[in-house]
Amino acid sequence: MNFKNSKTMYEEAVKYLPAGVNSPVRAFRQVGGHPIFIKHAEGCYIYDVDNNSYLDFCNSWGPLITGHRHPKIISAIEKQIKHSLTLGIPNELEVELAKRVIDKIKQKIPTIQKIRFVNSGTEAVMSAIRLARGFTNRNKVIKFEGCYHGHVDSLLVKAGSGLATFGQPSSAGIPKSFSEHTIVVPLDNEEAILEAYKKYPNDIACIVVEPIPANNGLLLQRKEFLEFLRKVTLEHQSLLIFDEVISGFRVGYYGAAGYYNIYPDIVTYGKIIGGGLPVGAFAGREEIFNMLSPDGPVYQAGTLSGNPIAMAAGIAQLDLLTDDLYKSLEEKGQYLENELNKIFQEKSMNFRVIRIASIFWIYIDLDHPPRRADEISSESMKIYAKFFHHCLNYGIYLAPSGYEVGFISSPMEKNDLDKFLDAVRKFNG
Ligand SMILES: *Cc1c(COP(=O)(O)O)cnc(C)c1O
């Protein structure tokens, strides 16, 4: 495959944009080489500036559950463009999208009673944490090693030494004091959480977790562990925040909360909820949301929040998410998982697929799917880099990092998935 125009464009891009990108993982640093530049996308295919086409498993990192440019989403946006772009004044579509979330999800997850829209997943989690602190009048937050919650200062924190100690900032530019209220614990470990509560019995505002951790491999948790989080937070009057920016509307309309049948106090959304436009949201118990400004003392605001174009896209997106759609995605996921694992075994490759609904991840050199971030070796990432470039050359766009998951979109049919399988058959790692 020829990547000549992408290479030229990348050389131009780095003159203006740090590393040529606006979000680090796009830069191909984990897999080597330079990124490709896309000029068009349709359904499950993307087309680059060298006229190569790829089956897209990145799907903008999660939002595009119905693929690129779904006609219903495009027409909803076109219709709204004739009326307004942004207003900063209430509009009907905010209420419509809120209804799509609350009216439906509340039937199954009764704690989802009020919602506020923002513009990204990061903003949603940042605001949810502030709200949890304001509501409980406590300072500390428990987060897990291997869960990502966007680039919020106080959550860009890695574990310190020992269980349940203060974290260390995992990025430069974050004062150490900002991480002093963040306790980082391993996933899949009840003891560490009990220890944190023993240390700070009255100062833990919330536990924030990706109930389906999908930003550091796919670290599916035991249901009992997630149930434990619900139990321990209730016992200590802390809040439980499910960060469902990836899992919301992905593993079913009710997200991970519905999948595991656990009722968190606050849920954060992003990605799918915007139908491809920038939307985030946080939702939860009314009593908690009464604390949010202007009703309550917890400040939160946004110039573009709830803008009618993004709301129109979100509404159109959620209306596409029928039971049949999820059923069909599950079947496609099952097919891909089975066939990939078969090929890996036939070829004696030490690769396996772990999957939930339409999220899959390939883990390498492990005899079981990991539940904790520290089980994944950096050595396996080098093997993934080769696999990635092999697939790219066969017109398959996987995430350019072995820590990232793949997403199946509804336009993918069996013959599309077979293209991926054929490419894998030809891999000589
Ligand atoms: C993507 C993601 C975020 C951040 O969302 P952005 O829209 O990129 O700010 C937060 N939490 C989780 C679980 C995510 O997957």
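This tour moves from the whole protein to its enclosed cavities and the residues that line them.

**The whole chain**

Begin with the entire model, which is a predicted one. Colour it by secondary structure: the protein contains 12 helices and 16 strands. Its radius of gyration is 21 Å, close to the 22 Å that the globule rule gives for 429 residues, so the protein is as compact as a globular protein of that length. Rotated onto its principal axes, the C-alpha trace spans about 60 × 55 × 45 Å.

Next, display the surface. The accessible surface of the protein comes to about 18400 Å², and carbon and sulfur atoms hold 52% of that area. Of the 429 residues, 58% count as buried. Contacts may be displayed as well: among those with a separation of 6 or more, 72% join residues 24 or more positions apart.

**The largest cavity**

Now turn to the interior spaces. How many cavities of 30 Å³ or more does a search of the whole structure find? The search finds two.

For the largest cavity, select F57, F360, W361, I362, Y384, L398, A399, G402, E404, V405 and G406, which form its lining. The space inside amounts to about 80 Å³. Highlight strand 14, residues 359–364, within this selection: this strand gives the most to the lining, with three residues. Colouring the selection by class shows eight nonpolar, two polar and one charged residues.

**The second largest cavity**

Clear that selection and choose W361, I362, Y363, I364, L366, I376, S380, M381, Y384 and G402. These residues line the second largest cavity, which holds about 40 Å³ of space.

Which element supplies the largest share of this lining? Strand 14 does, with four residues. Add helix 11 (378–393) to the view, since strand 14 and helix 11 each supply at least two residues here. By class, the lining has eight nonpolar and two polar residues, and no charged residues.

**Both linings together**

Finally, show both selections at once. W361, I362, Y384 and G402 appear in the lining of the largest cavity and also in that of the second largest. Strand 14 is the leading contributor to the lining of the largest cavity and of the second largest cavity. With the classes coloured again, one charged residue is found in the lining of the largest cavity, whereas none is found in that of the second largest.

Key: Residues numbered from 1 in each chain as written. Predicted model: local features only at pLDDT ≥ 70, side-chain atom pairs only at ≥ 80, totals over all residues. Heavy atoms only, no water. 1 Å grid on protein atoms, 1.4 Å probe; cavity = no way out; pocket = protein on both sides within 12 Å on 5 of 7 lines; lining within 4 Å. Points joined across faces, edges and corners; volume = space filled by probe spheres on them. Nonpolar A, V, L, I, M, F, W, Y, C, P; charged D, E, K, R; others polar. Rg over C-alpha atoms; globule rule 2.2 N^0.38 Å. Buried < 20%, exposed > 50% of the residue type's maximum accessible area, 1.4 Å probe, protein only. Contact = heavy atoms within 4.5 Å. Areas by Shrake-Rupley, 256 points an atom, 1.4 Å probe, with all protein chains shown as cover.
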